[in-house]
Amino acid sequence: MTQSSEPLGVAVVGAGYWGPNLVRNFQASEQFRLRSLVDLDVDRARRVLGGYSTVEATSDYAAVLADPEVAAVAVATPAGTHLDIALAALRAGKHVLVEKPLAATYADGMRLVAEAEERGLTLMCDHTYCYTPAVGRIRELVHSGELGEVHFVDSVRINLGLVQKDIDVLWDLAPHDLSILDFILPAGVEPVAVAAHGADPIGAGQACIAYLTLTLSTGAIAHVHVNWLSPTKVRTTMVGGSKRTLLWDDLNPLQRVSVYDRGVDMAAPQEIGADERRDMLISYRSGDMVAPAIGEKEALRSMVDEFADSIRTGRAPLTDGRAGLRVLDILEAASRSLQFKGAVVGLRAGR
């Protein structure tokens, strides 16, 4: 816990794809003072910072960890390097933010979580979508009970994407949807098993298309479709409840979230006579559609604020290390399911 109201010194590790976004948001935050940008390619780090920046560009990570003015480290490097970089920071007494996924394996992620908990440090996963205003509102609607009991979740994340060399489409895209699912599900509702199917029709060497079906503890299901080969880009999530159904279309800025008072009602058998049971057990409801007003705020700005608040108060961040572990658990189980042609694989990470 950090009681001082002074800005927290932070270092970003990684000046590649995601690092510059973290640099920009840490520099814009009153809660942090960016002290260093660490990258093996110091020239690349300098280009990210710009010619007039006073922030240090360096490849000497050990020196950064030895700096008492650095209270926190943000890791934006390939997943295979997360364990060593984040573990070194935790052992140096630094709070740590890690780009998704938390680590390359569940076992590595567990080591990070255990180290942070033992030392009383914040370990946070940058599950960026969880900090968008739309997903925040979806979480409120689900947790408040306005949708009723969750019956199904259906998520589609497809586009003509960059085929990765080192990971399949499952590990590339599904962490977004799985982290959102983990974030919005109410207490007591969690995935308990997963079955995954994938295909590599272009001979890329790993799955370019994947479908995940997760069994939830209530008997409901969640389905995730990820695809690098779609000619059109789709980013939608539907949450079907016993009272209402919600649709989130991330590519529609004018109506990101729509709530439909439409669905199927099942009458309890004791409410109707024996002769009427067969015909009247199911009824259909067709009510209004409401589009809640959703504010616009950069997700990374909210994520940075949450990181600072967690450090200062000592409370777990909304997307803590254990949230990252739950996502890794599903990813590893889904990979095993792919190997066994869609076999159902149980999950080990509990809430």
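**Exercise 1. In which helix is S337 found, and is S337 buried or exposed?**

Solution. The model is a predicted one, and the position along the chain is the place to begin. S337 is found in helix α10, which covers residues 321–339. The next step is accessibility: the relative accessible area of S337 is 0%, and since buried means under 20%, S337 counts as buried. The last step is to list the surroundings. Leaving aside residues up to four places away in sequence, S337 touches V194, A195 and A196, and also G342, A343 and V345. A further pairing links distant parts of the chain, for the C-alpha atoms of S337 and H197 are separated by 7.5 Å although these residues lie 140 residues apart along the chain.

**Exercise 2. Determine whether R157 is buried or exposed, and find the polar contacts that its side chain makes with Y129 and D177.**

Solution. Begin with the strand: R157 lies in β7, which runs over residues 150–160. The relative accessibility of R157 is 3%, and therefore this arginine counts as buried. Turning to the side chain, one polar contact, of 2.9 Å, joins R157 to the side chain of D177, while another, of 3.3 Å, joins R157 to the side chain of Y129. Both partners also appear in the list of residues that R157 touches beyond four places in sequence, a list that includes L173, H176, I180, H225 and N227 as well as Y129 and D177.

**Exercise 3. Describe how helices α4 and α5 pack, and classify the residues of their contact.**

Solution. Two packed helices are described by the angle between their axes and by the distance between those axes. For α4 (residues 82–91) and α5 (residues 106–119), the angle is about 5° and the axes are 10 Å apart. Angles under 35 degrees count as roughly parallel, and α4 and α5 are therefore roughly parallel to each other. The contact is made by H82, L83, A86, L87, L90 and R91 on the α4 side, and by D108, R111, L112, E115, A116 and R119 on the α5 side. Sorted by class, the residues of this contact comprise 6 nonpolar, 1 polar and 5 charged.

**Exercise 4. Which residues touch the most other members of the largest nonpolar core, and which helix gives the largest share of this core?**

Solution. The largest nonpolar core has 103 residues, of which L22, F26, F32, L102 and L246 touch the most other members. Helix α7 (residues 169–184) supplies the largest share of this core, namely 10 residues. To follow one of these members, take L22, whose contacts beyond four places in sequence include V12, A74, L97, L300 and M303.

Technical notes. Residues numbered from 1 in each chain as written. Predicted model: local features only at pLDDT ≥ 70, side-chain atom pairs only at ≥ 80, totals over all residues. Heavy atoms only, no water. Helix = DSSP H or I, 4+ residues; strand = E, 2+ residues; numbered from the N terminus. Buried < 20%, exposed > 50% of the residue type's maximum accessible area, 1.4 Å probe, protein only. Polar contact = N/O pair within 3.5 Å; in protein donor to acceptor, adjacent residues only side chain to side chain. Contact = heavy atoms within 4.5 Å. Core = buried A, V, L, I, M, F, W, Y, C linked by side-chain atoms within 4.5 Å. Axes fitted to C-alpha atoms, helices over the stretch in contact; angles between N-to-C directions. Parallel < 35°, antiparallel > 145°, perpendicular 65-115°, else oblique. Nonpolar A, V, L, I, M, F, W, Y, C, P; charged D, E, K, R; others polar.
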